[in-house]
Amino acid sequence: MRKSYICFLIFLLLQTAAAQAQNTAGWSMVEGKIASPWAEEVNPAKPLPEYPRPQMVRENWQNLNGLWNFAIVPKAQQESMPRTFQGKILVPYAIESALSGVGRTVGKDSVLWYSTSISVPAKLRRHNVLLHFGAVDWQAEVYINGKKAGTHEGGYDPFSFDITPHLKKGSKQEIAVRVWDPTDDGPQPRGKQVKKPEAIWYTPVTGIWQTVWLEAVPKTYINATRQTPDIDKGTLTVAAEVENLQANDKLRVSAWDGKKKVAEQEVSATAPAVLSVKEAKLWSPETPFLYDLQVAVVRNGKVLDEVDSYFAMRKISMAPDADGVQRMLLNNKFVFQYGPLDQGWWPDGLYTAPTEEALVFDIDKTKEMGFNMIRKHVKVEPARWYYHCDKNGMLVWQDMPSGDLGARWGNHPGIEGEGHDMDRTAESEKIFRTEWAEIMEDLHNFPSIVVWVPFNEAWGQFKTAEITNWTMEKDPSRLVNSASGGNFHFVGHIIDLHNYPEPVMPRANLFGEKQVIVLGEFGGLGLPVEGHTWQQKDNWGYQSFKNADELFERYDSFTEKLEDLIKKGLSAAVYTQTTDVEIETNGLMTYDREVIKIPAEKLREANSKLYNPNLVQLKQE
């Protein structure tokens with residue numbers, strides 16, 4: 001009996017090994033560039049297996065990441081799915097990346113096709129089935145069993161289709177995706193991607209670069225929630241977008257502190273719930289407390305659909321100090337916000353971190369270095385990145401990814417109109433507005449995000465006053481930094497100067513009465529580390545050093561100057577940057593994250609002086 005059982009176990013192990021070998025056949029990481037330590041931990045049979053949407057969790061889901069078929073075909077010649085494919089690509093890593101296993105560019109004259117066969121289990125098929133994409137850059141057409149399920153444009157926002165009408169009998173289903181991305185040959189948001197990478201511009205990212213997954217939902221289901229705290233009133237307002245509502249359907253919302261229910265309300269499903277959160281535990285970098293949240297649709301007393309979420313009680317605002325200079329406040333107190341410019345790029349995955357551990361590493365190290373803020377620079381991260389910032393107590397400034405560059409940059413506040421807004425086409429403007437609105441809506445519930453940044457250094461900057469006011473109207477719960485680094489039109493909550501390498505600030509007597517004064521970029525101190533660079537020579541930084549001691553001495557002198565600037569009116573500063581990126585070597589860490597150039601404890605000690613609460617006294621009402 002025991003012998004038979006052992007033989008059966010061996011058989012199962014062999015079957016599993018054979019299945020895994022079949023699932024990973026034809027894939028290996030592209031060699032030739034440096035890679036992070038986590039690249040070796042990527043499981044091609046199950047890459048990035050974590051639940052992709054922490055703010056709206058259901059249990060009945062299926063991860064579709066893994067090896068898919070791919071083909072690159074001429075755009076002019078191929079509108080239908082190709083009959084043959086050229087190999088395997090590891091989803092969700094962009095085709096240009098090493099982790100995709102392909103490492104090829106696509107360009108505006110070609111399209112990228114994906115195809116995969118999946119098995120949809122009965123527990124999903126008993127309900128409506130949603131197909132979710134975390135992000136696809138840029139234009140995606142999705143087909144299920146040869147039938148078009150939908151089209152989406154936008155490289156940074158998640159989207160989904162109800163594919164229930166397109167499913168065949170049985171579990172086996174076919175998915176195909178057609179992607180077109182013109183990179184910097186088109187007007188769409190693309191951040192720092194260019195077809196010819198150099199200096200501060202990087203490798204293109206084409207296609208699927210975030211998790212693909214299935215989810216089962218009832219016919220009436222919660223499509224989205226919007227959660228907004230008010231610490232002054234002690235309330236949380238929760239609204240929900242619900243598909244296929246019927247008259248008299250209710251929305252039941254409950255808030256939890258661990259196992260203790262702190263509030264509950266049931267309202268019409270078309271109205272927001274306003275929960276009273278008494279003696280709220282406030283979220284901050286020092287105490288990042290998160291409440292649990294449950295949102296349910298109820299019909300005749302029966303729960304039709306329910307999602308698990310979370311929220312934080314925190315406030316971002318501005319108010320004058322004793323000298324009348326506007327200061328950025330967190331929970332009605334002045335907190336100097338200081339952090340690195342974070343590009344969010346990886347040598348092996350480009351836009352996509354190799355693993356969950358890698359995704360969290362940059363946030364953890366930034367906190368260990370004594371920073372309390374990250375400026376996410378012209379890129380949007382997967383939802384799980386913001387979730388870890390929420391858990392870790394990391395403030396986030398979120399940029400809109402730039403595109404359609406062309407405005408003249410005026411980087412000296414004090415002369416309004418020194419630069420000028422560019423004229424974008426109606427198509428370009430529509431693309432910008434559509435995606436920026438989606439990004440703000442999709443990220444609204446993450447308490448770590450405290451500032452929206454629609455424009456950076458005049459990159460595609462247009463209708464500044466109109467776009468800024470529109471952004472403020474869409475989300476009055478956050479501050480808006482209209483133009484980080486210029487052009488300055490004196491709108492929004494913040495005036496933001498860029499200066500390399502020295503820290504400086506806009507003049508408080510010109511701006512401080514109406515706007516918060518920040519230094520949106522400075523530093524850029526470079527140190528190439530042999531064996532850890534993207535290329536062997538011609539690496540670049542704003543100012544380069546020979547060793548880490550020289551680098552730290554210069555950095556520490558900057559913190560001394562920042563301390564003085566805080567007293568004069570500075571509310572925040574952004575140091576360039578978290579890591580080296582491609583030929584840029586001005587990171588606090590190397591691109592592969594193997595070397596931290598200045599020990600975290602030394603940075604933390606140098607930075608600690610900037611958080612002295614006695615540096616600023618607020619105006620007494």
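This is a short talk between a trainee and a mentor about a predicted model of one protein chain.

Trainee: What makes the protein chain as compact as a globular protein of that length?

Mentor: Start with the make-up: the chain has 9 helices and 34 strands. Its radius of gyration is 25 Å, and the globule rule gives 25 Å for 621 residues, so the chain is as compact as a globular protein of that length. As for extent, the C-alpha trace spans about 80 × 65 × 60 Å along its principal axes.

Trainee: Where is Ser-448 in the chain?

Mentor: Look at the loop that runs between helix H5 (426-443) and strand S26 (449-453); Ser-448 sits there.

Trainee: Why does Ser-448 count as buried?

Mentor: Set the value against the cut-off. Buried means under 20% relative accessible area. Ser-448 has 0% relative accessibility, so Ser-448 counts as buried. Across the chain, 58% of the 621 residues count as buried.

Trainee: Which residues is Ser-448 in contact with, leaving aside its neighbours within four places in sequence?

Mentor: Contact means heavy atoms within 4.5 Å. By that test, the partners of Ser-448 include Trp-283, Tyr-386, Cys-389 and Asp-390. Met-394, Leu-395 and Val-396 are also in contact with Ser-448.

Trainee: How much of the contacts with a separation of 6 or more comes from residues 24 or more positions apart?

Mentor: Such residues account for 69% of those contacts in the protein chain.

Trainee: And what supplies the exposed area?

Mentor: The chain exposes about 25600 Å², and carbon and sulfur atoms supply 49% of that area.

How values were computed
Residues numbered from 1 in each chain as written. Predicted model: local features only at pLDDT ≥ 70, side-chain atom pairs only at ≥ 80, totals over all residues. Heavy atoms only, no water. Helix = DSSP H or I, 4+ residues; strand = E, 2+ residues; numbered from the N terminus. Rg over C-alpha atoms; globule rule 2.2 N^0.38 Å. Buried < 20%, exposed > 50% of the residue type's maximum accessible area, 1.4 Å probe, protein only. Areas by Shrake-Rupley, 256 points an atom, 1.4 Å probe, with all protein chains shown as cover.
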